[in-house]
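Reader: I would like a close look at one part of this model, with its surroundings described step by step. Please start from the loop that leads into it, and say how each piece is placed against the others.

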Amino acid sequence: MTIASSRLALRPWQVPDLDDLLALNRDPRVSRWLGGSSLADASETALVRYRTQFQSNGYGVFHISDRAGHFLGLAGVQPVRQGLPTFPGTEVVWRFRSDCWGRGYAFEAMTAILAGMPSHAPKDLIAAISRPNLRSAKLAERLGFCHHPEDDYLYPDDGIDAVLRPHRVFRLRSNSQRAA
(Lines give C-alpha, C1' and ligand atoms only; values in the text may rest on other atoms or scores of the structure.)
Protein backbone atom coordinates (compact mmCIF):
# COMPACT_ATOMS: atom_id res chain seq x y z
CA MET A 1 0.00 0.00 0.00
CA THR A 2 1.46 3.31 -1.06
CA ILE A 3 -0.21 6.70 -0.81
CA ALA A 4 0.64 9.98 -2.47
CA SER A 5 -0.62 13.38 -1.38
CA SER A 6 0.11 16.76 -2.89
CA ARG A 7 3.52 17.01 -1.17
CA LEU A 8 4.19 13.59 0.32
CA ALA A 9 4.98 10.00 -0.64
CA LEU A 10 3.91 7.39 1.94
CA ARG A 11 5.06 3.80 1.66
CA PRO A 12 5.77 0.75 3.80
CA TRP A 13 9.15 0.62 5.55
CA GLN A 14 12.07 -1.25 3.99
CA VAL A 15 15.16 -2.69 5.70
CA PRO A 16 17.47 0.09 4.37
CA ASP A 17 15.18 2.68 6.06
CA LEU A 18 16.67 1.86 9.48
CA ASP A 19 19.07 4.82 9.16
CA ASP A 20 16.12 7.17 8.63
CA LEU A 21 14.35 5.81 11.70
CA LEU A 22 17.49 6.00 13.84
CA ALA A 23 18.11 9.63 12.84
CA LEU A 24 14.50 10.53 13.63
CA ASN A 25 14.54 8.77 16.99
CA ARG A 26 17.91 10.29 17.97
CA ASP A 27 16.64 13.83 17.50
CA PRO A 28 16.33 15.10 21.10
CA ARG A 29 13.45 17.42 20.19
CA VAL A 30 11.52 14.43 18.83
CA SER A 31 12.44 11.87 21.48
CA ARG A 32 11.64 14.18 24.39
CA TRP A 33 7.92 13.53 23.79
CA LEU A 34 8.41 9.77 23.53
CA GLY A 35 10.51 8.80 26.51
CA GLY A 36 13.92 10.19 25.66
CA SER A 37 17.04 8.47 24.40
CA SER A 38 15.62 4.96 24.78
CA LEU A 39 13.51 5.66 21.68
CA ALA A 40 16.58 5.24 19.45
CA ASP A 41 17.48 1.95 21.16
CA ALA A 42 14.14 0.50 20.06
CA SER A 43 14.45 1.57 16.40
CA GLU A 44 15.39 -1.81 14.96
CA THR A 45 12.54 -3.54 16.79
CA ALA A 46 10.14 -0.83 15.62
CA LEU A 47 11.23 -1.26 12.00
CA VAL A 48 10.54 -5.00 12.17
CA ARG A 49 7.13 -4.29 13.75
CA TYR A 50 6.22 -1.72 11.04
CA ARG A 51 7.19 -4.15 8.26
CA THR A 52 5.35 -7.08 9.85
CA GLN A 53 2.17 -5.03 10.31
CA PHE A 54 2.06 -4.15 6.62
CA GLN A 55 2.71 -7.73 5.58
CA SER A 56 -0.01 -9.04 7.90
CA ASN A 57 -2.65 -6.33 7.60
CA GLY A 58 -2.05 -4.33 4.43
CA TYR A 59 -1.80 -1.11 6.45
CA GLY A 60 0.31 0.26 9.29
CA VAL A 61 2.90 2.94 10.00
CA PHE A 62 4.26 4.57 6.85
CA HIS A 63 7.72 5.86 5.92
CA ILE A 64 7.09 9.41 4.72
CA SER A 65 9.19 11.45 2.35
CA ASP A 66 8.67 14.55 0.27
CA ARG A 67 8.15 14.16 -3.48
CA ALA A 68 11.93 14.50 -3.99
CA GLY A 69 12.49 11.46 -1.77
CA HIS A 70 13.84 13.22 1.35
CA PHE A 71 12.77 11.40 4.52
CA LEU A 72 10.49 13.49 6.75
CA GLY A 73 9.03 11.13 9.33
CA LEU A 74 6.43 8.48 10.00
CA ALA A 75 2.68 8.29 10.48
CA GLY A 76 0.04 5.63 10.50
CA VAL A 77 -2.04 3.15 12.43
CA GLN A 78 -0.81 0.41 14.77
CA PRO A 79 -2.09 -1.88 17.51
CA VAL A 80 -1.91 -0.48 21.02
CA ARG A 81 0.93 -2.10 22.95
CA GLN A 82 -0.10 -4.75 25.43
CA GLY A 83 0.12 -3.43 28.98
CA LEU A 84 -1.35 -0.02 28.18
CA PRO A 85 -4.82 0.84 29.52
CA THR A 86 -6.18 1.30 25.97
CA PHE A 87 -5.22 -2.28 24.98
CA PRO A 88 -6.65 -3.91 22.98
CA GLY A 89 -7.12 -1.12 20.51
CA THR A 90 -5.71 0.61 17.47
CA GLU A 91 -3.89 3.92 17.67
CA VAL A 92 -2.77 6.55 15.23
CA VAL A 93 0.80 7.78 15.48
CA TRP A 94 2.93 10.44 13.83
CA ARG A 95 6.49 11.56 14.30
CA PHE A 96 8.42 13.99 12.08
CA ARG A 97 11.91 15.43 12.04
CA SER A 98 11.94 18.54 14.21
CA ASP A 99 13.09 20.71 11.29
CA CYS A 100 9.82 19.73 9.56
CA TRP A 101 7.49 20.80 12.36
CA GLY A 102 4.89 23.48 11.64
CA ARG A 103 4.62 22.74 7.90
CA GLY A 104 1.43 20.70 7.99
CA TYR A 105 3.09 17.40 7.04
CA ALA A 106 1.53 15.40 9.89
CA PHE A 107 -1.96 16.66 9.07
CA GLU A 108 -1.49 15.97 5.36
CA ALA A 109 -0.07 12.50 5.98
CA MET A 110 -2.71 11.44 8.52
CA THR A 111 -5.55 12.81 6.38
CA ALA A 112 -4.30 10.72 3.43
CA ILE A 113 -3.82 7.64 5.62
CA LEU A 114 -7.28 7.84 7.21
CA ALA A 115 -8.89 8.35 3.80
CA GLY A 116 -6.96 5.46 2.28
CA MET A 117 -7.43 2.84 4.99
CA PRO A 118 -8.71 -0.47 3.61
CA SER A 119 -12.26 -1.47 4.47
CA HIS A 120 -11.05 -4.29 6.76
CA ALA A 121 -9.03 -1.88 8.94
CA PRO A 122 -10.33 -1.03 12.43
CA LYS A 123 -12.65 1.98 12.56
CA ASP A 124 -12.35 2.66 16.31
CA LEU A 125 -9.10 4.62 16.46
CA ILE A 126 -7.47 6.44 19.34
CA ALA A 127 -4.62 8.88 19.77
CA ALA A 128 -2.85 8.66 23.15
CA ILE A 129 -0.88 11.86 23.68
CA SER A 130 1.34 12.94 26.54
CA ARG A 131 -0.46 15.76 28.38
CA PRO A 132 2.21 18.43 27.76
CA ASN A 133 2.32 17.72 24.01
CA LEU A 134 -0.19 20.40 23.10
CA ARG A 135 0.75 20.52 19.40
CA SER A 136 -0.10 16.84 18.91
CA ALA A 137 -3.34 17.22 20.87
CA LYS A 138 -4.35 20.11 18.64
CA LEU A 139 -3.50 18.04 15.55
CA ALA A 140 -5.60 15.11 16.82
CA GLU A 141 -8.57 17.44 17.23
CA ARG A 142 -8.01 18.92 13.78
CA LEU A 143 -8.05 15.36 12.38
CA GLY A 144 -11.45 14.75 13.96
CA PHE A 145 -10.43 13.12 17.23
CA CYS A 146 -12.25 14.14 20.41
CA HIS A 147 -10.72 14.06 23.89
CA HIS A 148 -12.26 11.45 26.19
CA PRO A 149 -11.05 12.43 29.69
CA GLU A 150 -12.56 9.29 31.25
CA ASP A 151 -10.01 7.25 29.26
CA ASP A 152 -6.94 9.31 30.25
CA TYR A 153 -4.21 7.35 32.00
CA LEU A 154 -0.79 7.45 33.58
CA TYR A 155 1.76 5.78 31.29
CA PRO A 156 2.94 2.68 33.17
CA ASP A 157 6.68 3.05 32.49
CA ASP A 158 8.01 4.99 35.48
CA GLY A 159 11.40 5.17 33.75
CA ILE A 160 10.25 8.06 31.58
CA ASP A 161 10.11 11.68 32.68
CA ALA A 162 7.25 12.03 35.19
CA VAL A 163 5.81 15.05 33.37
CA LEU A 164 5.31 12.89 30.24
CA ARG A 165 3.50 10.02 31.96
CA PRO A 166 -0.01 11.53 32.08
CA HIS A 167 -1.66 10.73 28.72
CA ARG A 168 -4.82 12.11 27.20
CA VAL A 169 -6.89 9.77 25.04
CA PHE A 170 -8.61 11.06 21.93
CA ARG A 171 -11.11 9.01 19.93
CA LEU A 172 -11.96 9.49 16.28
CA ARG A 173 -15.41 10.90 15.74
CA SER A 174 -17.50 9.42 12.95
CA ASN A 175 -16.74 10.63 9.44
CA SER A 176 -19.90 12.73 9.42
CA GLN A 177 -18.63 14.68 12.42
CA ARG A 178 -15.00 15.13 11.34
CA ALA A 179 -13.69 18.63 10.93
CA ALA A 180 -11.80 19.60 7.80
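Author: Pro-88 is found in the loop between E4 and E5, and this loop is a suitable place to begin, with the reminder that the model is a predicted one. The peptide bond that joins Phe-87 to Pro-88 is cis, with an omega of about -5°. As background to that value, most peptide bonds are trans.

The two strands on either side of this loop, E4 (residues 71–79) and E5, run antiparallel and are joined by seven bridges. Within this pairing, Val-77 has Val-92 of E5 as its bridge partner. Strand E5 itself spans residues 90–96, and because seven of its seven residues are buried, the strand is largely enclosed by the rest of the structure. The covering concerns both faces of E5, since Thr-90, Val-92, Trp-94 and Phe-96 are buried on one side, while Glu-91, Val-93 and Arg-95 are buried on the other. Two kinds of side chain that one might not expect to treat alike, Glu-91 and Arg-95, thus sit on one buried face together with Val-93.

Thr-90 deserves a separate look, as a residue of strand E5. Its relative accessibility is 12%, and Thr-90 therefore counts as buried, the cut-off being under 20%. Setting aside residues up to four places away in sequence, Thr-90 touches Val-77, Gln-78, Pro-79 and Val-80, and, further along the chain, Pro-122, Asp-124, Leu-125 and Ile-126. Leu-125, which is in E6, is the residue that stands opposite Thr-90. The C-alpha atoms of Thr-90 and Ala-127 are 8.7 Å apart, although 37 residues separate the two in sequence.

This brings the description to strand E6 (residues 125–130), which pairs with E5 in the parallel sense over two bridges. Five of the six residues of E6 are buried, so this strand, too, is largely enclosed by the rest of the structure. E6 also pairs with E9, here in the antiparallel sense and over five bridges. One of the positions in that pairing is Ala-127, whose bridge partner in E9 is Phe-170.

Strand E9 (residues 166–172) is mostly covered, with five of its seven residues buried. Besides its pairing with E6, E9 pairs in the antiparallel sense with strand E7 (residues 145–147), over three bridges, and Phe-145 stands opposite Leu-172 of E9. Strand E8 (residues 153–154) pairs with E9 as well, again in the antiparallel sense, over two bridges, and the partner of Leu-154 in E9 is Pro-166.

A helix can be added to this picture through Ser-136, which has its place in H6 (residues 134–142). At a relative accessibility of 14%, Ser-136 counts as buried. When neighbours within four places in sequence are left aside, Ser-136 is in contact with Trp-94 and Ile-129; Trp-94 is among the buried residues of E5. Ser-136 and Val-93 lie 9.7 Å apart in space, C-alpha to C-alpha, with their positions 43 residues apart in sequence.

For a point away from E5, Asp-66 can be considered, which is found in strand E3 (residues 61–66). Asp-66 is buried, because its relative accessible area of 18% is under the 20% cut-off. Apart from residues up to four places away in sequence, Asp-66 touches Arg-7, Ala-9 and Leu-72. Asp-66 and Cys-146 are 80 residues apart in sequence, and their C-alpha atoms are 29 Å apart.

A last element of the surroundings is a pair of helices. Helix H1 (residues 18–26) packs with helix H4 (residues 43–57) at an angle of about 125°, and their axes are 9 Å apart. The two helices are therefore oblique to each other, and H1 passes H4 in a right-handed crossing. H1 contributes Leu-18, Leu-21, Leu-22 and Asn-25 to the contact, and H4 contributes Ser-43, Glu-44, Ala-46, Leu-47 and Tyr-50. By character, the residues of this contact divide into six nonpolar, two polar and one charged. Ser-43, which lies in H4, counts as buried, because its relative accessibility is 0%. Not counting residues up to four places away in sequence, Ser-43 touches Leu-18, Leu-21, Leu-22 and Asn-25.

Notes. Residues are numbered from 1 along each chain as its sequence is written. This is a predicted model: local features need pLDDT of at least 70, side-chain atom pairs count only at pLDDT 80 or more; totals for chains, interfaces and linings use all residues. Side-chain values use heavy atoms; hydrogens and water are left out. Axes are lines fitted to C-alpha atoms, for helices over the stretch in contact, and angles run from 0 to 180 degrees between N-to-C directions. Helices (H or I, at least four residues) and strands (E, at least two) are DSSP runs, numbered from the N terminus. Angles under 35 degrees count as roughly parallel, over 145 as roughly antiparallel, 65 to 115 as roughly perpendicular and the rest as oblique. A crossing is left-handed if the near helix is turned anticlockwise from the far one by less than a right angle, and right-handed if clockwise. Contact means heavy atoms within 4.5 Å. Ala, Val, Leu, Ile, Met, Phe, Trp, Tyr, Cys and Pro count as nonpolar, Asp, Glu, Lys and Arg as charged, and the others, Gly among them, as polar. Buried means under 20% relative accessible area, exposed over 50%, partly exposed in between (1.4 Å probe, protein chains only). Two strands pair if DSSP finds at least two bridges between them.
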